[in-house]
Amino acid sequence: MAELDIGKHCQVESCNIKDYLPFVCDSCSGLFCLEHRSREAHSCPEVSVKREPVTSCSSTSYTCSVKECRGKEVLPVICPQCEKHFCLAHRHQDDHKCEKLEVQKPRMAATKELVQKIVESKDGSKSKGRRGAKNVATAAKVALMKLKLHATGDKGLPQVERTYFQVYLPKESKVCSQPMFFCSKWSVGKVVDFAASLASLKNNNNVLTAKKLRLCHAQTGEALRMDDTLLSLLALSESPLYNGGNVILEYLDNDCTGLEDVSDYVEQS
């Protein structure tokens with residue numbers, strides 16, 4: 001019976017030992033014993049060349065424009081307003097005190113300024129009973145405070161969204177006027193519907209041929225557009241409408257654009 005030829009001889013000439021489980025080199029594909037299995041041990045001719053680590057060809061960095069900050073970024077972080085470079089920590093306008101940052105005025109301060117402008121513009125045209133702008137502004141402020149104490153409205157509305165008016169009701173109403181508050185985001189049409197509900201007034205605004213309930217300026221008598229919002233009307237620089245002011249709720253014919261005489265309503269109060 002012939003002998004079985006198992007195993008292979010190590011290809012290192014000085015070794016040539018027969019290994020029953022020889023190792024195959026993954027570079028030169030040679031067969032080697034346990035001792036010479038590594039590339040260094042059998043001086044492998046196919047040793048792969050080590051790659052040098054790849055380094056960035058650019059060493060540019062962008063320094064933060066804030067004086068006290070030493071932060072740098074590899075990529076530019078530019079403020080769209082002042083167009084300066086900043087680190088990630090100072091990228092927002094508030095964080096780097098941007099020179100072009102527009103500071104929004106608080107709501108109450110903006111309202112106060114609007115009331116002041118309206119009062120000053122109207123005060124100069126009065127033929128009698130003139131008072132200083134400060135006195136009129138103070139009176140408007142006091143009137144608003146009184147309205148807030150007695151006004152009715154949707155209690156679920158946030159305070160910052162409430163707009164207060166002394167609403168003069170139609171002439172045939174038993175009550176001359178009623179303090180109310182509305183959401184500044186509402187349209188005039190929604191304000192009319194809500195006011196009619198609070199005052200228990202008949203509202204036929206959805207009937208084509210009936211007289212329509214309209215909200216009018218207490219000074220000019222002009223009927224407000226139903227699709228305008230209170231917020232947009234209050235923002236007008238020359239508008240006589242302001243938070244804490246007066247408005248008139250009256251039934252008007254379809255082709256009527258306002259009231260001819262508003263003094264009757266004011267005198268009733």
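# Exercises on burial, cores and salt bridges

Lys185 counts as exposed, at 54% relative accessibility. The model is predicted. Start with this lysine and work inward.

**Exercise 1. Find the salt-bridge partner of Lys185 and compare the burial of the two residues.**

Step 1. Find the partner. The side chain of Lys185 meets that of Glu161 in a salt bridge, at 3.3 Å from N to O.

Step 2. Place both ends. Glu161 sits in the loop between α2 and β7, and Lys185 in the loop between β8 and α3, so the pair ties together parts 24 residues apart in sequence.

Step 3. Check burial. Buried means under 20% relative accessible area, and exposed means over 50%. Glu161 has 19%, so this residue is buried. Lys185, at 54%, is exposed.

**Exercise 2. State how many salt bridges the whole structure has, and describe those of Arg39 and Arg225.**

Step 1. Count. A search of the whole structure gives six salt bridges.

Step 2. Take Arg39. Its side chain meets that of Asp26, with N and O 3.0 Å apart. Arg39 lies in the loop between β4 (31-32) and β5 (62-63), and Asp26 in the loop between β3 (23-24) and β4, so parts 13 residues apart in sequence are tied together.

Step 3. Check burial. Arg39 is partly exposed at 33% relative accessibility. Asp26 is exposed, with a relative accessible area of 64%.

Step 4. Take Arg225. Its salt bridge is with Asp227, and the closest N and O atoms are 3.1 Å apart. Both residues are exposed. Salt bridges with shared partners join Arg225, Asp227 and Asp228 into one network.

**Exercise 3. Asp19 is buried; work out what surrounds this residue.**

Step 1. Locate the residue. Asp19 belongs to strand β2 (residues 18-19).

Step 2. Look for a salt bridge. Asp19 has none. The nearest side chain of opposite charge is that of Arg37, 8.6 Å away. A salt bridge needs the atoms within 4 Å.

Step 3. Look for polar atoms. The backbone nitrogen of Leu34 lies 3.4 Å from a polar atom of the Asp19 side chain.

Step 4. List the contacts. Beyond four places in sequence, Asp19 touches Gly7, Lys8, Cys33 and Leu34.

**Exercise 4. Show which side of helix α3 is buried, and what packs against the buried residues.**

Step 1. List the buried residues. In α3 (residues 188-198) they include Val188, Gly189, Val191, Val192, Ala195 and Ala196.

Step 2. Use the arc. These residues cover only 160 degrees around the axis, which puts them on the same side of α3.

Step 3. Name the packing partners. The buried residues of α3 pack against β8 (177-183), β9 (212-217), α4 (230-235) and β10 (245-252).

Step 4. Leave the helix. Ser200 follows α3 and has a positive phi, near 55 degrees.

**Exercise 5. Describe the largest nonpolar core.**

Step 1. Recall the trend. In soluble globular proteins, nonpolar side chains tend to be buried together.

Step 2. Size the core. The largest nonpolar core has 36 residues. Those with the most contacts inside it are Val167, Phe182, Leu201, Leu215 and Leu249.

Step 3. Name the sources. Elements giving two or more residues include α1 (107-123), α2 (133-150) and β7 (162-168). The largest share, five residues, comes from α3.

Step 4. Zoom in on Val167. Beyond four places in sequence, its contacts are Cys176, Ser177, Gln178, Met180, Phe182, Val247 and Leu249.

Step 5. Look elsewhere. Another core, of nine residues, lies apart; among them are Ala223, Leu259, Val262 and Tyr265.

Conventions. Residues numbered from 1 in each chain as written. Predicted model: local features only at pLDDT ≥ 70, side-chain atom pairs only at ≥ 80, totals over all residues. Heavy atoms only, no water. Buried < 20%, exposed > 50% of the residue type's maximum accessible area, 1.4 Å probe, protein only. Helix = DSSP H or I, 4+ residues; strand = E, 2+ residues; numbered from the N terminus. Arc of directions from axis to C-beta. Contact = heavy atoms within 4.5 Å. Core = buried A, V, L, I, M, F, W, Y, C linked by side-chain atoms within 4.5 Å. Lys, Arg positive; Asp, Glu negative; His and termini not counted. Polar contact = N/O pair within 3.5 Å; in protein donor to acceptor, adjacent residues only side chain to side chain.
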